[in-house]
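Let's see how the words used to describe a protein structure are earned. Each turn takes one word, sets a value against its cut-off, and draws the conclusion.

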Amino acid sequence: MVLPQRQIIYSKDIEFIMGCSARTAQRVIQRVRDAVGKGIGDYITVKEFCEVMRIEEREVRGFMSVR
């Protein structure tokens, strides 16, 4: 059975992917929210994160599958 891939990215994922602190990861999430027009409390998708940060989605998903 194949499990569906997670669509939402969290600050812990960003910390792991970028090797940054928790606060920096939170700032990145806020930057992405601002760029895509979302408000505080709205979730950020992996696709939105990748588009704003200009990172290949398959690379990010590779990091997320390791965790």
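Q: What do the axes of two helices stand for, and how are angles between them counted?
A: Each axis is a line fitted to C-alpha atoms, for helices over the stretch in contact, and the angles run from 0 to 180 degrees between N-to-C directions. Keep in mind that this is a predicted model.

Q: What makes α2 roughly perpendicular to α3?
A: Start with the value: the axes of α2 (residues 22–36) and α3 (residues 46–53) cross at roughly 90°, and they come within 10 Å. Angles of 65 to 115 degrees count as roughly perpendicular. The crossing angle therefore earns α2 and α3 that description.

Q: Which residues make the contact between α2 and α3?
A: From α2 come Val28, Arg31, Val32, Ala35 and Val36, and from α3 come Glu48, Phe49, Val52 and Met53. Sorted by class, this contact has seven nonpolar residues, two charged ones and no polar ones.

Q: How do you know that the length of α2 agrees with what its residues should span?
A: Helix α2 has 15 residues, and at 1.5 Å a residue the expected span is 21 Å. The expected span uses one less than the number of residues. The end C-alpha atoms of α2 are 21 Å apart, so the two values agree.

Q: Why can the buried residues of α2 be said to line one face of the helix?
A: The residues in question are Ala25, Val28, Ile29, Val32 and Arg33. Looking down the axis of α2, you find its buried residues within an arc of 140°, so they line one face. On the other side of α2, Asp34 and Ala35 are exposed. As for what covers the buried residues of α2, the list includes α1 (11–18), β2 (44–45) and α3.

Q: Why is isoleucine 44 called buried or exposed?
A: Buried means under 20% relative accessible area. Isoleucine 44 has 3%, so it is called buried. This residue is found in strand β2. Leaving aside neighbours within four places in sequence, isoleucine 44 is in contact with Gln7, Ile8, Ile9, Ile29, Val32, Arg33, Lys38 and Phe49.

Q: What makes serine 65 exposed or buried?
A: Exposed means over 50% relative accessible area. Serine 65 has 59%, so it is exposed. Serine 65 is found in helix α4. The C-alpha atoms of serine 65 and aspartate 13 are separated by 10 Å, although these residues are 52 residues apart along the chain.

Q: Which word fits arginine 27, and why?
A: Arginine 27, which lies in helix α2, has a relative accessible area of 48%. Values between under 20% and over 50% are called partly exposed. Arginine 27 is therefore partly exposed.

Q: What is notable about the phi of arginine 54?
A: Most residues other than glycine have a negative phi. The phi of arginine 54 is near 55°, a positive value in a residue other than glycine. Arginine 54 follows α3 and is found in the loop between α3 and α4 (57–66). With a relative accessible area of 77%, arginine 54 is exposed.

Q: Where do glycines with a positive phi come after helices?
A: Glycine 37 comes just after α2, with a positive phi of about 80°. Glycine 19 follows α1, and its phi is positive, near 65°.

Q: Which residues are buried in α1, and which in α3?
A: In α1 they are Asp13, Ile14, Glu15 and Ile17. In α3 they are Val46, Glu48, Phe49, Cys50 and Met53.

Technical notes. Residues numbered from 1 in each chain as written. Predicted model: local features only at pLDDT ≥ 70, side-chain atom pairs only at ≥ 80, totals over all residues. Heavy atoms only, no water. Helix = DSSP H or I, 4+ residues; strand = E, 2+ residues; numbered from the N terminus. Parallel < 35°, antiparallel > 145°, perpendicular 65-115°, else oblique. Contact = heavy atoms within 4.5 Å. Nonpolar A, V, L, I, M, F, W, Y, C, P; charged D, E, K, R; others polar. Buried < 20%, exposed > 50% of the residue type's maximum accessible area, 1.4 Å probe, protein only. Arc of directions from axis to C-beta.
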